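Biologist: Please take a close look at the open sheet of this chain. I would like a connected account of how the strands are ordered, what packs on them, and how individual residues sit in that setting.

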Amino acid sequence: MGTYGTGISSNDVYEDINYKFFELYNQGMKVPAITKKLIKENKELIDSYEDQNNFWITIAKSQWECKALEPEIFNRIKDIVASGKDIELWKELESSQSDVTKRKKVLENFLEKISTEKKTARKRKVKKIRNAIFEKGDCLVFKLTNGDFCGVFVLESEKETELGLNLIAVTNIKKTDKPNLEDFENSTILFGLEQFGKTEFRPRKKISWYYAQHFKKSETEFEKIGQLEVDKKYDSSKDYQSFSNWDNLKTFQDYYYADLKRNKYEGNVSLQSLRKNTSYKNEHTSFWQKLKRKFSS
């Protein structure tokens, strides 16, 4: 669960589902059809012990914004609040007592808010075209809370799309002095452990898409130190289906390095492997090997 605050919208599930909901809404789709589609396409989130509450909360808030909150969805939120299941989850994830108290209040206020029908439905918006903030191949550095430098790499950059997404990989670079291009060339990708069910944790590469329209809200100061070539092409509709907040790039690494014994996962994915189109290279090599065998036989 990518969570960076106690608020209803302070998590990756909200960012992702809320965007998809209103993308379809702005295209003219009816709320019940949108809901049915998102439920069908997000079974993994719904079955996730850690993410299911945020999924239903996001659906409820989105429906309420459109003045179309369904009784079944409203009752799900009532159950989440009354049962205390979300609060128990926060306790299991070792949240501070202060955060648990704040989260409980947030949920109670949210239930109270959606218990009254919104006066007017949210208007459908005309799409705005954007370019991504950073260019493909950019090597970006910024400082962690302890003053060390770390590095993230831009794998993809969308041009003239509604979201202007950047696909960014978090590397294992962590230095007291500013990193250079050689550090990026030799870097590997950090993994985060994500919870599935009550006890199962699975490693996932820290590679996510970041929205152009949310960049101005970020408090992290990024500096480009150079560029490396990227042969591969990535598509936000199918590759690395994770969407996140810019400040999470720093938040994750602060958390990761604060307790390496608990958080570190020994992955072995090099940044170079994500930059180079190895499949093309293998096909190209295979073609010439076949041709050589044909004429030598």
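Modeller: The model is a predicted one, and the account may begin with the pairing of a single strand. Strand E1, residues 138–143, is joined to E7 by 4 bridges, and the two run antiparallel. Within this pair, Val 141 stands opposite Glu 223 of E7.

The sheet to which this pair belongs is open and contains 6 strands, in the order E7-E1-E2-E3-E6-E8, with mixed pairing. Its edges are formed by strand E7 (223–227) and strand E8 (243–244); each has a single partner strand, so one side of each is left without a neighbour in the sheet. Helix H9, residues 248–258, packs on the sheet. The strands touched by H9 are E1, E2 (149–157), E3 (166–175), E6 (207–210) and E8. The direction of H9 makes about 35° with that of E3.

Strand E3 also holds Ile 168, a residue that shows the setting in detail. Ile 168 has a relative accessible area of 0% and is therefore buried, the limit for that class being under 20%. Leaving aside residues up to four places away in sequence, Ile 168 touches Val 152, Phe 153, Val 154, Lys 206, Ile 207, Ser 208, Tyr 210, Trp 246 and Leu 249. Of the elements already described, E2 spans 149–157, E6 spans 207–210 and H9 spans 248–258, and the contacts of Ile 168 include Val 152, Ile 207 and Leu 249. By contrast, the C-alpha atoms of Ile 168 and Asn 263 are separated by 20 Å, with these positions 95 residues apart along the chain.

Leu 193 offers a second case, in strand E4 (residues 191–196). Its relative accessible area is 38%, which makes Leu 193 partly exposed, since that class lies between 20% and 50%. Together with Phe 201 and Tyr 265, Leu 193 makes a nonpolar surface patch of about 290 Å².

These parts belong to a chain with 12 helices and 8 strands. Of its 297 residues, 43% are buried. Among contacts in the chain with a separation of 6 or more, 70% are between residues 24 or more positions apart. The chain exposes about 16,700 Å², of which carbon and sulfur atoms supply 48%. Taken along the principal axes, the C-alpha atoms fill a box of roughly 75 × 45 × 40 Å.

Key
Residues numbered from 1 in each chain as written. Predicted model: local features only at pLDDT ≥ 70, side-chain atom pairs only at ≥ 80, totals over all residues. Heavy atoms only, no water. Patch = residues over 30% accessible without salt bridge, like charges linked within 9 Å, V, L, I, M, F, W, Y side chains within 5 Å. Areas by Shrake-Rupley, 256 points an atom, 1.4 Å probe, with all protein chains shown as cover. Salt bridge = Lys/Arg side-chain N within 4 Å of Asp/Glu carboxyl O. Buried < 20%, exposed > 50% of the residue type's maximum accessible area, 1.4 Å probe, protein only. Pairing = 2+ DSSP bridges. Contact = heavy atoms within 4.5 Å. Axes fitted to C-alpha atoms, helices over the stretch in contact; angles between N-to-C directions.
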